[in-house]
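Q: Got a minute to go through this one with me? I'd like to start with confidence and then look at the contact between chains.

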Amino acid sequence: MVLCGRSQAQRLAPASPDSAPSNGASEPTAGSKDSVTSESGDSTPFETRVRASRGVPGRANSVVTREQLDERLPRSAPDALRYEPGVYVQQTAHGQGSAFLRGVTGQHTVLLYDGVRLNNSLYRQGPNQYFFTIDSQTIDQIVVQRGSASVRFGSDAIGGAIEALPIQPLAAERPTIEKPRPLLHGQALGRFASADREAGGRLRLSGWLSPRVGLVVGGGYRTAGLLDGRAVRNIDQSVAPFPEVPRYTGNGLAQLGTGFREGTADLRLVIPLGPATGPRQNDQLVLAAYQYLQFDAPRTDQCPPAYAPLDECLIYEEQFRTLAYASLRLSPGLRGLSRLQTTVSYQLQHERRRRDRPSAKVRERGLDQVHTLGLTARGESSTLRRRWFGLRGRYGLDLYHDQVESQAALDVLDLGFTRDWSRGQYIAGSRYTSFAGFAEAEASFGRYVVARAGGRLGMAAAWVPADAESATQAADRLFVPYAFDVGMEVRPRGELSLLFNLNQGFRTPNLDDLSSRQATGPGFQFENAALQPERSLTAEAGVRLTFSWLSLSAWFFNMGLHEAIVRRPRSIAECPRGSGLDALGCMTSWSRFQLVNIGGRGVIWGAEGALLVHLPLRIDLSATLAYAYGEAPNPTPPGVGEVGYQAIVPLSRIPPLNGTAELRLRPLRGTVLGAGLRWATEQTRLAPADYNDARIPRGGTPGFVVVDLRAGLRLHDLVPRGLLHRATAMLVVENAGDVAYRYHGSSVNGPSSSVTFSLDIER
Amino acid sequence: MTLRSSSSYSSRAWLWNGTRRAGLGAALALGLGLGCSATPAEQVQMMPPDLGDTSFTGCRAGSGSVMSSASCTRQGTDYQPGKTVNPWPACVSDGNTYVPVNANISTVARITAFETIANLLWECDKVPTPADFAEAKVQLSIANGLQSRLDRREDEHYPVFVNGMGQTLCTDPVQSINQPDRCVGPVRMVPALNAAVMAGASGQEPRVQAARVEGILIWFLYTSVYKEAVTCGRDKLDDCDSSWAYFTGGEARSSAGKGFMRYAKVADAAAADRVYDASLAVRCWRDVDRMLPPGNSTLQNLAYGQLDRALDRALAATVIDRLGYMKRNSGERRAADWAFISITAAALDRAATARNTPLAQTLRKEVQKTDPNSVNIDDMISTLQQLFPCS
């Protein structure tokens with residue numbers, strides 16, 4: 001992409017053992033071919049960008065570049081994925097976003113930041129907000145890996161993985177011993193969006209303090225108000241014309257339960273350990289810390305809940321993520337260890353909730369924190385070549401340990417007292433440890449065939465203390481998960497690749513499964529300490545066609561789910577005993593669920609496609625298409641004499657047939673114009689639990705077609721050279737047709753016709 | 001679990017334990033603690049059962065002041081389980097047992113909470129302490145508990161009050177006050193309930209405040225039975241179960257019942273039976289006609305009419321029964337009786353006006369009296385018997 005200059009490939013590329021080879025190309029989208037550009041705007045090969053990414057070779061993956069982020073002006077990191085093939089982004093709240101990969105999301109996908117696993121043992125069933133807690137302004141690339149991938153990514157990689165890679169100091173600007181002059185760039189960014197009156201800014205300093213110290217330091221703040229978005233209508237109009245969620249202010253456009261404030265700060269020190277050139281040039285020590293602070297973000301479907309007073313609201317007062325790590329990246333140059341990366345990390349996920357019920361003059365509060373210590377090591381061999389045969393390997397170790405704090409209380413405001421409950425959403429003092437090793441091998445047979453295989457073996461242990469008052473039983477569980485992959489890539493011609501993979505995924509029950517009690521979208525969910533790991537086996541076939549003017553990829557997959565963990569409706573009699581608010585809340589809830597392993601085999605099958613065409617006159621055209629169909633054995637056994645019982649039912653929140661199209665052109669030097677189209681058909685295949693979920697309109701979610709328009713100026717191309725290092729102004733008209741739309745499973749309707757403007761100046 | 005003052009709650013404390021300062025609420029908390037240990041001299045030493053004992057069915061017997069409706073003749077189109085009545089076809093209710101649409105009825109838990117609150121505040125001639133009111137407040141405040149439903153309760157006898165999107169405006173704190181009859185829960189019930197609990201927790205006339213809580217909750221149950229029957233026909237079939245459960249507490253006809261049914265049974269068992277019959281009528285109609293919106297308006301109207309009459313009679317009998325107690329009582333007990341009656345009798349005003357405007361006027365005049373000793377109890381009983389003689 002022309003506008004913003006360099007991407008990860010040109011920055012100080014880490015010698016990452018996770019890097020895919022050039023032939024592990026990813027899916028194309030508009031702006032991706034020339035997304036890596038030199039300062040003068042010259043394109044580097046498409047493969048260069050992919051080489052810097054961390055996609056698993058031979059698998060379905062795609063990359064969002066910094067340039068695409070700067071053109072599309074997404075509201076958040078999840079929002080940045082909306083144009084990616086096979087990705088469908090759901091939003092339970094304005095300050096939240098959860099990406100579906102192959103029909104699953106949340107704890108069934110892995111999130112990573114610079115190789116550090118973000119998933120922890122409190123990740124819950126269904127969508128979650130955690131990728132939103134990555135500041136999109138710190139991201140250089142987002143790599144989307146679709147399909148089961150537990151060999152590489154461990155537990156939770158049932159549907160795939162999403163990794164954000166951070167902005168680094170530019171390698172090309174690194175001073176030398178001979179010319180040690182520091183080179184720093186100051187950046188100021190301002191942004192405004194009319195749909196939610198979002199206003200924010202960011203300052204960043206990046207560059208090199210000396211030949212031995214690279215630096216990226218920044219901080220930002222933004223505030224967003226109520227989000228304007230036209231109301232979608234119920235498909236089933238027999239009861240009500242519009243869904244109960246969300247509710248609106250008097251103008252009928254601003255959605256209640258939206259808005260938030262956000263502060264971010266980051267510091268990244270890169271300490272090169274080798275010379276500026278040569279095989280050790282990428283040896284480095286990285287010390288990094290990222291802080292994300294989100295305040296007062298309501299959960300839209302609970303602010304207010306369906307049928308409740310408009311002033312009742314569940315609000316996330318604080319949603320913080322602290323991520324700090326030290327990473328040593330070396331190129332020892334050994335045959336068995338050509339590259340090595342070890343990372344020690346610490347994370348704190350902090351969540352503080354408040355449910356205001358002014359009418360009752362009470363306030364419910366909850367606080368959950370999980371501290372995560374991580375240690376990972378990744379190694380990669382050099383390629384062993386014997387005439388027509390080549391062999392290389394990757395391997396690694398992962399160790400993560402979680403420690404949980406959790407509290408809940410009820411403030412009775414008019415009487416002036418607080419009732420502390422014996423437990424929170426989780427049990428304080430719970431711990432979770434996982435340890436695993438994996439190895440992957442890739443063998444090439446001439447130019448035509450590449451075979452891949454890998455395996456992972458590990459252990460995971462969960463400890464949950466008992467709590468007598470809430471009748472929570474202690475849990476002491478040990479799991480021994482494993483996974484295998486095999487794959488083959490056939491290249492009958494240089495432009496054509498045929499890919500076949502068989503990949504396993506697994507998810508060991510986490511502390512949320514084993515111990516949580518919480519109000520979820522479809523109803524009250526309580527723990528099951530006896531859960532077993534769920535597993536997936538994905539068979540997929542893909543085709544890639546790559547010419548200089550066209551890139552095409554298509555994937556077909558069939559993912560079998562075994563011992564799938566799903567919500568089974570429970571009776572009131574099955575609610576937890578105990579005197580806590582949670583036990584009583586279970587009984588009074590409209591519906592109750594417990595996570596169970598269902599027998600039998602669930603299945604999600606579907607297809608994904610992506611096309612990129614480079615036309616004359618510097619015009620790019622791209623399109624994506626995705627479909628998934630999911631079903632599983634009914635988690636509810638048939639009632640006595642029940643008529644019309646369905647033994648097989650749809651899986652919850654499977655996205656409908658959906659796709660995107662993008663047009664991008666650069667008519668004049670320093671300008672870019674574009675248009676995006678997002679569409680989805682209606683989704684009326686609903687799981688039993690979906691019928692109780694206020695996020696889903698009655699009868700299902702209507703389809704939509706939304707058009708976004710973009711225009712930008714690359715100001716540094718228009719002023720005398722050297723005056724500005726980089727300066728861009730970008731304007732996006734979102735939802736130009738002012739369509740009422742909603743991504744399936746979301747509480748929030750999409751923004752109405754609105755503009756987003758960004759001005760980014762760097763000297 | 002622990003109880004503590006929260007008036008100085010800091011919204012930005014890292015972990016709230018240890019970060020909160022004692023505040024003004026500490027005084028109240030101290031008061032609550034003292035209240036717990038006090039045993040008023042007039043408190044009857046009849047211990048209520050454990051809060052978790054759901055088999056408890058109250059201490060109160062009928063006052064004997066109700067003229068039983070057992071001899072009443074039913075309307076010719078009333079559904080009668082097991083009997084062939086035109087135009088009622090054979091249906092799921094013919095076994096004289098309520099067959100739920102959905103076996104899990106969350107309303108049952110709310111009625112259990114009602115009984116828990118009853119044990120805390122008024123059952124067995126209890127004089128509740130401030131701590132009892134505090135505990136009752138917690139019970140009321142359970143997520144999706146009683147108060148959450150008071151917050152949204154609408155009286156379906158009045159026209160709908162909706163915005164341009166067809167969504168109710170009764171949940172809008174600003175708009176709802178314009179339609180207090182329709183938005184009866186948030187506009188009338190909740191403020192009165194909050195005030196009574198607050199006063200009780202402050203130690204003011206504990207029997208009277210408890211009786212107010214009792215009266216408001218009975219009013220809520222009476223309103224809810226009909227409301228859920230209506231939304232069963234408009235929104236979802238499961239609401240028929242809630243309608244039945246708001247009356248019975250999920251108990252069988254032969255049982256002592258819980259909640260409103262317990263009160264009605266004590267006052268006039270036949271009146272309670274007629275409500276049960278009417279619940280079966282609603283269920284029968286929705287068994288025959290499961291469409292949304294309904295397709296059989298004849299059965300719908302018959303069922304609603306039968307339920308409406310039965311509920312009015314059951315509440316009237318409950319009021320009359322309490323008037324019988326009031327007649328015997330004096331002092332705070334009498335004031336408590338009147339607190340209950342003035343709320344529940346006022347709830348009958350709409351039905352009374354629809355039946356006989358002059359008599360309704362008479363009833364209204366009595367209900368508006370603030371001094372229990374000035375109430376003409378016999379006249380009031382007579383008026384109620386005339387207005388609501390049968391179901």
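**Confidence and contact**

Q: This is a predicted model, so which elements of chain B have the lowest and the highest mean pLDDT?
A: Helix 1 of chain B is lowest with a mean of 34, and helix 5 of chain B is highest with 98.

Q: Where in chain B is the pLDDT below 50?
A: That's residues 6-55 of chain B. The stretch still has 69 contacts in the model beyond near neighbours in sequence.

Q: And chain B as a whole, what does the pLDDT average?
A: The average is 86, and 85% of the residues score at least 70.

Q: What about ipTM and pTM?
A: The model scores 0.86 for ipTM and 0.89 for pTM.

Q: OK, on to the contact. How many residues does each chain put in?
A: Chain A gives 47 residues and chain B gives 50.

Q: Which element of chain B has the largest share of that side?
A: Helix 5 of chain B, with five residues. Other elements giving two or more include strand 1 (2-5) and helix 1 (25-37) of chain B.

Q: How do the residues on chain B's side divide by type?
A: There are 24 nonpolar, 18 polar and eight charged ones.

Q: Switching topic: where is B:P159?
A: B:P159 sits in the loop between helix 4 and helix 5 of chain B.

Q: Buried or exposed, and why?
A: B:P159 counts as exposed because it has 9 C-beta neighbours inside 10 Å, and the cut-off for exposed is 12 or fewer.

Q: How far is B:P159 from B:D308?
A: They're 149 residues apart in sequence, and 16 Å apart in space, C-alpha to C-alpha.

Conventions: Residues numbered from 1 in each chain as written. Chains lettered and ligands numbered in written order. Predicted model: local features only at pLDDT ≥ 70, side-chain atom pairs only at ≥ 80, totals over all residues. Contact = placed C-beta atoms within 7 Å. Helix = DSSP H or I, 4+ residues; strand = E, 2+ residues; numbered from the N terminus. Nonpolar A, V, L, I, M, F, W, Y, C, P; charged D, E, K, R; others polar. pLDDT = per-residue confidence, 0-100. Buried ≥ 20, exposed ≤ 12 C-beta atoms within 10 Å, placed from the backbone.
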